[in-house]
Amino acid sequence: MGNMKSFKKFIEILPALLSRIKIPARLIFIIVGLFSTCWFLIRVIPKPSRAEYPCMKAAYPVMSGFVIYIVGLTTAFFAFRWSKISFINAKYSASILLFVLALFTVILTLTNDSIPVYANSKLLLGPNQPVGAARGINPGRVVWIWDPKATNENCTNQFGDGWFMDKNTDLSAVVKMVDESVMKLTDKNNLKDAWESLFKYFNQTHGKGNIGYKDGEKIFIRTNQVSASDNTIDVDYSVKNTTRYGMAETSPQVVLAILRHLVNVCGIKQENISLGDPMKHMYKHFYDMLHNEFPNVTYLDVKGTLGRTVPASDIKPSIYYSDRGQILKDNGTTGNPFTADYLPKVITQSDYLIVIPAMKAHMRAGVTLCGKIHFGSNLVGSATHLH
């Protein structure tokens, strides 16, 4: 089983590895085609129903293209050979027919382009074709704000010149962008009305009626601080000079703008707000920027020193997995079958959850935005089992 997983992972990363090496495209096609064919046969022959799996449907066009390519070249080779033999033996008609067949096969094999084949043929999307039902306070609306003055385009992201520093991210520009985004999302002319409408919309869609925020309700702001591990923080939580320095994460400037909205505009008590990445630490630059202005907000950190708070786990699991430990064999820490995940109380007991992700690419899943961020909301210390 372990060898099969390793082989599958190798197949997945092979194209990316080959793209970094100066290898002719046709050779890459042959290598990837060979491995795709082997992978398809190894998986499907023992259990033919696996041919319907999305991964097999994705491998099939590569495999079929490779097989057609090999068959075509083989046919052309023998047709040319038999054409030559026929010509020597004065069988000119047969020689000409075989030569034409060989020539046609070569042209067809080397120049023919196939139409795209998708693992899910039911989801062929063109431009401006949204998926699913439109939702939100203005259904389907997405607000996009861009200001080139917000960031320093000459930032190197080398140690001492991180994107998160004041010299590389302009707080005033970011605050203006966040303000404008919230008002455009809600069609309101001021932030107080905008947030009131958001709270009311949320409560209406969750069975609470047409009411806004009530004093005492809890808010959790989920951020992405995936690089903040034991080996990337110093004793004072400052960022060490490691390969993870400058990794794209939630901007503290954006979080500060949201905190100003909730506390200064909406009048929400700081004690009712928690924020952070439950599985990670909170860097010094992140904590200082927010804590200096809002000292009574709860800031999460797995170590919980220097003013930070360790997230407490809920008593019961929040997520149960339907495979019952058959697929999730290892949660990354114990090696035992894994059937459920526990979430921190700041999530399970919150009345409102605000997710502020990092809008970045992901090496395994493209652009994941808000979806994958909750891989890091469990409290087993790793998201390995979910990957």
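Q: Which residues of α5 are buried in this predicted model?
A: The model is a predicted one, and in it helix α5 has a set of residues that fall under 20% relative accessible area, the limit for being buried. What covers these buried residues includes α6 and α7. The buried residues of α5 are Ala-173, Val-174, Val-175, Met-177, Val-178, Asp-179, Val-182 and Thr-186.

Q: How far apart are the end C-alpha atoms of α5, and what span should its 16 residues have?
A: The expected span follows from a rise of 1.5 Å a residue, and for the 16 residues of α5 this gives 22 Å. The end C-alpha atoms of α5 agree with that expectation, because they are 23 Å apart.

Q: Which residue just after α5 takes a positive phi?
A: The place to look is the loop between α5 and α6, where one residue has a positive phi of about 60° although it is not a glycine. That residue counts as exposed, because its relative accessibility is 51% and the cut-off for exposed is over 50%. The residue is Asp-187.

Q: Which residues of α6 are buried?
A: Helix α6 covers residues 191-205, and what covers its buried residues includes α5 (171-186), β1 (219-223), α7 and β6 (352-356). The buried residues of α6 are Leu-191, Ala-194, Trp-195, Ser-197, Phe-199 and Asn-203.

Q: What distance separates the end C-alpha atoms of α6?
A: Helix α6 has 15 residues, and at 1.5 Å a residue they should span 21 Å. The separation of the end C-alpha atoms agrees with this expected span, and its value is 21 Å.

Q: At what angle do α6 and α7 pack, and are they roughly parallel or roughly perpendicular?
A: Two packed helices are described by the angle between their axes and the distance between the axes. For helix α6 (residues 191-205) and helix α7 (residues 252-265), the axes are 10 Å apart and the angle is about 95°. Because angles of 65 to 115 degrees count as roughly perpendicular, α6 is roughly perpendicular to α7.

Q: Which residues make the contact between α6 and α7, and how do they divide into nonpolar, polar and charged?
A: On the side of α6 the contact is made by Leu-191, Lys-192, Trp-195 and Phe-199, while α7 contributes Ile-258, His-261, Leu-262 and Val-265. Sorted by kind, the residues of this contact of α6 with α7 are six nonpolar, one polar and one charged.

Q: Where is Leu-256 found, and is it buried or exposed?
A: Leu-256 is found in helix α7, and, leaving out residues up to four places away in sequence, it touches Leu-171, Met-289, Leu-290, Glu-293 and Phe-294. One of these, Leu-290, is 34 residues away in sequence, yet the two C-alpha atoms are 5.9 Å apart in space. Because its relative accessibility is 1%, Leu-256 counts as buried.

Q: Is Tyr-237 buried or exposed?
A: Tyr-237 has its place in the loop between β1 and α7, and it has a positive phi of about 75° although it is not a glycine. Its relative accessible area is 0%, which means that Tyr-237 is buried.

Q: Which residues is Thr-242 in contact with, leaving aside its neighbours within four places in sequence?
A: Thr-242 lies in the loop between β1 and α7 and counts as partly exposed, because its relative accessibility is 26%. Its C-alpha atom is separated by 8.4 Å from that of Asn-231, which is eleven residues away along the chain. The residues in contact with Thr-242 are Asn-231 and Thr-232.

Q: How far apart in space are Gly-381 and Pro-278?
A: Gly-381 is found in the segment after β8 (366-367), and it counts as exposed because its relative accessibility is 55%. In sequence, Gly-381 and Pro-278 are 103 residues apart, whereas from C-alpha to C-alpha the distance is 9.2 Å.

Q: What share of the residues of the chain counts as buried?
A: The secondary structure of the chain comes to nine helices and eight strands, and its accessible surface comes to about 23,500 Å², of which 60% belongs to carbon and sulfur atoms. Among contacts between residues at least 6 apart in sequence, 63% join residues at least 24 apart. Of the 387 residues of the chain, the share that counts as buried is 36%.

Terms used. Residues are numbered from 1 along each chain as its sequence is written. This is a predicted model: local features need pLDDT of at least 70, side-chain atom pairs count only at pLDDT 80 or more; totals for chains, interfaces and linings use all residues. Side-chain values use heavy atoms; hydrogens and water are left out. Helices (H or I, at least four residues) and strands (E, at least two) are DSSP runs, numbered from the N terminus. Buried means under 20% relative accessible area, exposed over 50%, partly exposed in between (1.4 Å probe, protein chains only). Axes are lines fitted to C-alpha atoms, for helices over the stretch in contact, and angles run from 0 to 180 degrees between N-to-C directions. Angles under 35 degrees count as roughly parallel, over 145 as roughly antiparallel, 65 to 115 as roughly perpendicular and the rest as oblique. Contact means heavy atoms within 4.5 Å. Ala, Val, Leu, Ile, Met, Phe, Trp, Tyr, Cys and Pro count as nonpolar, Asp, Glu, Lys and Arg as charged, and the others, Gly among them, as polar. Accessible areas come from the Shrake-Rupley method with a 1.4 Å probe; for residues, only the protein chains shown count as cover. The expected span of a helix is 1.5 Å times one less than its number of residues.
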